[in-house]
Amino acid sequence: MVSAGPVLRPWWRRLCCTSVAMALALFALPARPGAQDAPALGADWSGDAPAHIAVVDGTASLERDGRIAPAEENVPLLAGDRLRTDKGRVEILFADGSALDIDEYAAVDFLSDSLLRLRAGRIRLSITRLTDTLNYRVDAAGASALIRAAGEYRLNVPDQRAADPQLDLAVIHGTAELS
């Protein structure tokens, strides 16, 4: 019998053993004094996620703190942001799963997660939240639409240059008030 020297494990086996050892070492580290325990993997993080731009199709711009930049996907929206579309459309997703579709040649101000100002154009708001207290509001020049229930709503400012601009509200399903 002839000895061939030390037995070498294949590279992938060495890598796996090293990765497992590192993972075990990381999870076995003691917690820092005063550190809080991490939440469970199944925790609901939806309340922490801000509204964000999900889809940009065409030309759109985002104005924040007086600076105008092209609207890009996955950018969070903050109170005070203004979104304008030219030859494009934008879809916004909210933390509760609701969606806002902004059509071509529209301008929308985000005053909070539940308060929008439609300056021009047409939007579609699909609200999926199934709670008893729902208070979305869309303001326009001279009018407000109060959304009272989950559903689908279309709002339009036909001509913002008119002497008396109006807000058109179409309730596909749901409950809303126009004042």
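This report walks through the fold, the pairing of strand β6, the core, the largest pocket and a few single residues.

**Overall fold**

The model is predicted. The protein chain has one helix and eleven strands. The helix comes at the N-terminal end of the order, and the strands follow it: α-β-β-β-β-β-β-β-β-β-β-β. The chain has 179 residues, and 29% of them are buried. Take the contacts between residues at least 6 apart in sequence. Of these, 39% join residues at least 24 apart.

**Strand β6 and its partners**

Strand β6 covers residues 115-127. The table lists strands that pair with β6, with the sense and the number of bridges.

| Partner of β6 | Residues | Sense | Bridges | Facing pair |
|---|---|---|---|---|
| β4 | residues 99-102 | antiparallel | four bridges | Ile102 opposite Ile123 |
| β5 | residues 107-110 | antiparallel | four bridges | Phe110 opposite Leu116 |
| β7 | residues 136-140 | parallel | three bridges | Arg117 opposite Asp139 |
| β9 | residues 151-157 | antiparallel | seven bridges | Leu125 opposite Tyr153 |

β5 and β6 also form a hairpin. Four residues sit between these two strands. The pairing with β7 runs parallel. The pairing with β9 runs antiparallel, over seven bridges.

The facing pairs add detail. Ile102 stands opposite Ile123 of β6. Phe110 faces Leu116 of β6. On the β7 side, Arg117 stands opposite Asp139. On the β9 side, Leu125 stands opposite Tyr153.

**The nonpolar core**

The largest nonpolar core holds 32 residues. Leu83, Ile92, Leu100, Ile102 and Phe110 have the most contacts inside this core. Strands β1, β3, β4, β5, β6, β7, β8 and β9 each supply at least two of the core residues. β6 gives the most, with five residues.

Which residues does Ile102 touch, leaving aside those up to four places away in sequence? They are Leu83, Thr85, Gly88, Arg89, Val90, Ile92, Val108, Phe110, Arg122 and Ile123. Leu83, Ile92 and Phe110 are also among the core residues with the most contacts.

**The largest pocket**

The largest pocket has a volume of about 160 Å³. Its lining consists of Val55, Asp57, Arg89, Val90, Glu91, Asp101, Ile102, Asp103, Arg122, Ile123, Arg124 and Arg154. Strands β1 (52-64), β3 (81-93), β4 and β6 each contribute at least two lining residues.

What is the character of the lining, by nonpolar, polar and charged residues? Eight are charged, four are nonpolar and no residue is polar. Ile102 and Ile123 both line this pocket, and these two residues stand opposite each other in the β4 and β6 pairing. Ile102 is also listed among the core residues with the most contacts.

**Two long-range neighbours**

Ser61 is placed in strand β1. Ser61 and Ala107 lie 46 residues apart in sequence, yet their C-alpha atoms are 9.6 Å apart. Setting aside residues up to four places away in sequence, Ser61 touches Ile68, Ala69, Pro70, Ala71, Arg82, Leu83 and Arg84. One of these, Leu83, is named among the core residues with the most contacts.

Asn135 sits in the loop between β6 and β7. The C-alpha atoms of Asn135 and Ala176 are 9.9 Å apart, with 41 residues separating them along the chain. Beyond residues up to four places away in sequence, Asn135 touches Ser114, Ile147 and Arg148.

**Positive phi in two loops**

Where does Asp65 lie? Asp65 is in the loop between β1 and β2 (67-70). Asp65 is not a glycine, but its phi is positive, at about 55°. Buried or exposed? Asp65 counts as exposed because its relative accessible area is 68%, and the cut-off for exposed is over 50%.

Tyr105 lies in the loop between β4 and β5. Tyr105 also has a positive phi, near 55°, and is a residue other than glycine. Its relative accessibility is 48%, so Tyr105 counts as partly exposed.

Terms used. Residues numbered from 1 in each chain as written. Predicted model: local features only at pLDDT ≥ 70, side-chain atom pairs only at ≥ 80, totals over all residues. Heavy atoms only, no water. Pairing = 2+ DSSP bridges. 1 Å grid on protein atoms, 1.4 Å probe; cavity = no way out; pocket = protein on both sides within 12 Å on 5 of 7 lines; lining within 4 Å. Points joined across faces, edges and corners; volume = space filled by probe spheres on them. Nonpolar A, V, L, I, M, F, W, Y, C, P; charged D, E, K, R; others polar. Core = buried A, V, L, I, M, F, W, Y, C linked by side-chain atoms within 4.5 Å. Buried < 20%, exposed > 50% of the residue type's maximum accessible area, 1.4 Å probe, protein only. Contact = heavy atoms within 4.5 Å.
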